[in-house]
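Q: Could you take a close look at one part of this chain for me, the salt bridges and what surrounds them? I'd like a connected walk-through rather than a list.

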Amino acid sequence: MKLSKLCLALSAALILTSCTVKTTENNKRTVTVTGTSSITVEPDNCTLVFSVSTKGKEASQTVQNNSAKMTKVQDAIIELGISKDNISTENYSITPEFRADRQTVSGYTVTNRFSVFTKDLPLTGEIVDVSLKNGALISECNFGISDIDIYVKQARTLAVQNAQDAANLIAGTSGAMLGKVISIREIYESDSFLSHKKNKDSENSTASGITVANPGKTKIEKTVAAVYELK
C-alpha cells in the first residue's frame, strides 16, 4: 500500500467541556482529555463468493453435473489469470428434495459454494462476468486490507498524540505545566471500521455490459482517554 493512498484525518478533542481538571487526594491537580484519530485507507484485495447449483433426480448424476459446471466456471476464472490456489471451496452440500408426503425423495440439489481471492481489483468485474456467464451466482463481494493491523496501530498512536496535544494546550493556557501521564485507556466503543461487504446488487455495469466493482474506502477511528498530572 503506497503512502499516497493513505489519508490521515486528525481530530483532537480540544473542546473545554470534554476536559476535566481536578485535584486528587494528595493535592495533585490533574487534567483528563480525549484524543481521536481517523485514517482512511483504500482496500487492496477482494474476495468474491459464488455458488454453483444443479438439480437432478439421481444423486450421483447430479453430483457429476455439478462438477462439470463447476469445472467450467473455474477454468473461465483461471483464464483471466487467477491462480487455482486462490479459488477455495467454502461449502459443499447435497440436499434431498421431497414430495408432498415429505417422505418420498423426488430429487437432489447439489451446491458448491466457493470463493475467489484477488489483489487485482480492476479484474474483479471480469471475474464476476465470466462466472455468471458460465452458470455461477454471486453472493458476496468483500474488499479487504492486507496490512490493516499497521493502520490500526497508526490510528492508535495518533489518538494518543492528539490527547497529549490537547493536554498541553489546556495546561499552557491555564498557566500550568503538563506533568507525567497518570493513566490512559482506549475507548473501544468508538472504533469505526466501514464495511466493504457487498451483495450482488452492489455491482454496477458499464454501458458495454462489463461489471465494475467499486471498492470505496475504509475509515479506521481510534479514541483514547488520558489523565495527566498538572504542575
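A: Sure, starting with the overall layout. The chain has three helices and 13 strands as its secondary structure, and keep in mind that this is a predicted model. There are 231 residues, of which 38% count as buried. If you take the contacts with a separation of 6 or more, residues 24 or more positions apart account for 79% of them. About 13400 Å² of the chain is exposed, with carbon and sulfur atoms supplying 51% of that area.

Now to the salt bridges. The structure holds five of them, and I'll go through three here, including the pair formed by Lys55 and Glu97. As background, side chains of opposite charge can pair when their charged atoms come close. For Lys55 and Glu97, the closest N and O atoms are 2.7 Å apart. This pair links distant parts of the chain, with Lys55 in strand E4 (residues 45–56) and Glu97 in strand E5 (residues 87–98), 42 residues apart. Their surroundings can be put in numbers too: Lys55 has 60% relative accessibility, so it counts as exposed, while Glu97, at 29%, counts as partly exposed.

A third residue joins in here. Thr109, from strand E6 (residues 105–118), has a side chain that makes a polar contact with the side chain of Lys55 at 3.0 Å. The side chain of Thr109 also has a polar contact with that of Glu97, at 2.6 Å. So Thr109 touches both members of the salt bridge through its side chain, and because its relative accessibility is 13%, Thr109 counts as buried. Setting aside neighbours within four places in sequence, the residues in contact with Thr109 are Thr54, Lys55, Ser93, Ile94, Thr95 and Glu97.

Next comes a place where salt bridges are chained together. Arg156, Glu186 and Lys222 are linked in a network of salt bridges. On one side, Arg156 pairs with Glu186, with 2.8 Å between the closest N and O atoms. Arg156 sits in helix H3 (residues 148–173) and Glu186 in strand E8 (residues 178–186), so this pair ties together parts of the chain that are 30 residues apart in sequence. On the other side, Glu186 forms a salt bridge with Lys222, and here the closest N and O atoms are 2.7 Å apart. With Glu186 in strand E8 and Lys222 in strand E13 (residues 218–230), that pair ties together parts 36 residues apart in sequence.

How covered are these three residues? Arg156 counts as partly exposed because its relative accessibility is 32%. Glu186 has a relative accessible area of 15%, which is under the 20% cut-off, so it counts as buried. Lys222 is buried as well, which makes both members of the Glu186 and Lys222 pair buried.

Since Arg156 belongs to H3, that helix deserves a look of its own. H3 has 26 residues and reaches 38 Å from its first C-alpha to its last, close to the 38 Å expected at 1.5 Å a residue. Its buried residues are Tyr151, Val152, Ala155, Leu158, Ala159, Asn162, Ala163, Ala166, Ala167, Ile170 and Ala171. After the helix comes Gly175, whose phi is positive, near 80°.

Pick Ala163 from that buried set, a residue of H3. Ala163 counts as buried because its relative accessibility is 0%. Leaving out neighbours within four places in sequence, Ala163 is in contact with Val33, Thr34, Gly35, Val224, Ala226 and Tyr228. Ala163 is also 9.0 Å from Thr32, C-alpha to C-alpha, although the two are 131 residues apart in sequence.

One last stop brings us back to strand E8, which holds Ile184 as well as Glu186. Ile184 has a relative accessible area of 43%, so it is partly exposed. Together with Val160 and Val181, Ile184 makes a nonpolar surface patch of about 210 Å². So strand E8 carries the buried Glu186 and the partly exposed Ile184.

How values were computed:
Residues numbered from 1 in each chain as written. Predicted model: local features only at pLDDT ≥ 70, side-chain atom pairs only at ≥ 80, totals over all residues. Heavy atoms only, no water. Helix = DSSP H or I, 4+ residues; strand = E, 2+ residues; numbered from the N terminus. Buried < 20%, exposed > 50% of the residue type's maximum accessible area, 1.4 Å probe, protein only. Polar contact = N/O pair within 3.5 Å; in protein donor to acceptor, adjacent residues only side chain to side chain. Contact = heavy atoms within 4.5 Å. Salt bridge = Lys/Arg side-chain N within 4 Å of Asp/Glu carboxyl O. Expected span 1.5 Å × (residues − 1). Areas by Shrake-Rupley, 256 points an atom, 1.4 Å probe, with all protein chains shown as cover. Patch = residues over 30% accessible without salt bridge, like charges linked within 9 Å, V, L, I, M, F, W, Y side chains within 5 Å.
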